[in-house]
Amino acid sequence: MTEKIYKNKNFEGTDWQDIALNNITFQNCNFKSCDFANGEFTNCTFEKCSFYGVKMNGAIYNKCAFLNCKVRFCDLFTSEFNWCKMTGTYFSDCEFVTVVIKGGNWTYTGLSYADFSKREMNDVDFSFADMRFVNFQKSKLRNCNFSDCILSSSNFSNSDIRDNTFNGIDIQTVNLKNAQIDLNMAVVIANSLGAKCFY
């Protein structure tokens, strides 16, 4: 890449396999059917970009920002997002089973039906995200923020969800069977059932 900022570019079908990019900004760009496999992206920003059918498998994103992007039918197998900012980005028909998320800001994201089962995840801010039908079964979560998320029909069964924040959520359709919870989560559950908690 020869420039630091790319605006309104059509990169459809571009092969960037194994590429290493640093400090590049893309605004309103189209990445349909691109190949990002095994690439490494550091401090890159994608703003209002469209990803459709992109091979992102094995790619590593370090402190990158995906702002108000659309990510659809993309291959995320073994991809890593390390302390990334994903604000407002919407994922659909993407497989998250092997995706690694280390910290970061995932506020206002669309993650419905994502599978995060059997995962360890720390320091991720999911507040205001759409997480309907998301699966966290048998996961261990620490210092994550789910405040004001839409968690309808999500699954936290057999998970360890102590030391996380769940303020302002509707817990009534969330599956918490055999989940390990702390006092704050117990209060959230009690309040959802109409109880008044004093402690």
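# Exercises with worked solutions

Helix H1 is followed by Gly194, whose phi is positive, near 90 degrees; helices (H or I, at least four residues) and strands (E, at least two) are DSSP runs, numbered from the N terminus. The model is predicted, and local features need pLDDT of at least 70, side-chain atom pairs count only at pLDDT 80 or more, and totals for chains, interfaces and linings use all residues. Residues are numbered from 1 along each chain as its sequence is written, and side-chain values use heavy atoms, with hydrogens and water left out.

## Exercise 1: helix H1

State which residues of helix H1 are buried.

Solution. Begin by locating helix H1, which covers residues 183–192. Next, apply the criterion that buried means under 20% relative accessible area, exposed over 50%, and partly exposed in between (1.4 Å probe, protein chains only). The residues of helix H1 that meet it are Met185, Val187, Val188 and Ala190.

## Exercise 2: the sheet

Describe the sheet by its strand order, its edges and its twist.

Solution. First, read off the order, which is E1-E3-E5-E8 for the four strands of this open sheet, with parallel pairing; two strands pair if DSSP finds at least two bridges between them. Second, identify the edges: strand E1 (5–7) and strand E8 (65–67) each pair on one side only. Third, note that the twist from one strand to the next averages 5 degrees, where axes are lines fitted to C-alpha atoms, for helices over the stretch in contact, and angles run from 0 to 180 degrees between N-to-C directions. Finally, look at one pair in detail: strand E5 (residues 45–47) and strand E8 run in the parallel sense and are joined over three bridges, and Glu47 stands opposite Leu67 in E8.

## Exercise 3: the cysteines

Explain why Cys74 and Cys144 form no disulfide.

Solution. Start from the total, which is zero disulfides in the structure, a disulfide being a pair of cysteine sulfur atoms within 2.5 Å. For Cys74, the closest cysteine sulfur belongs to Cys94 and is 4.9 Å away, which is too far for a bond. For Cys144, the closest cysteine sulfur, in Cys149, is 10 Å away, again too far for a bond. Then check the surroundings: Cys74 counts as buried at 5% relative accessibility, and Cys144 counts as buried at 2%.

## Exercise 4: the charged network

Find which residues are linked with Arg142 in a network of salt bridges.

Solution. The whole structure holds four salt bridges, each defined as a side-chain nitrogen of Lys or Arg within 4 Å of a carboxyl oxygen of Asp or Glu. One of them joins Asp160 to Arg142 at 2.9 Å, N to O; because Asp160 lies in the loop between strand E16 (140–142) and H1 while Arg142 lies in strand E16, the pair ties together parts that are 18 residues apart in sequence. Another joins Arg142 to Asp163 at 3.8 Å, N to O, and this pair links distant parts of the chain, 21 residues apart, with Asp163 in the loop between E16 and H1. Arg162 also meets Asp160, at 2.7 Å, N to O. Compare their accessibility: Asp160 is buried at 8% and Arg142 is buried at 19%, whereas Arg162 is partly exposed at 31%. The network therefore consists of Arg142, Asp160, Arg162 and Asp163.
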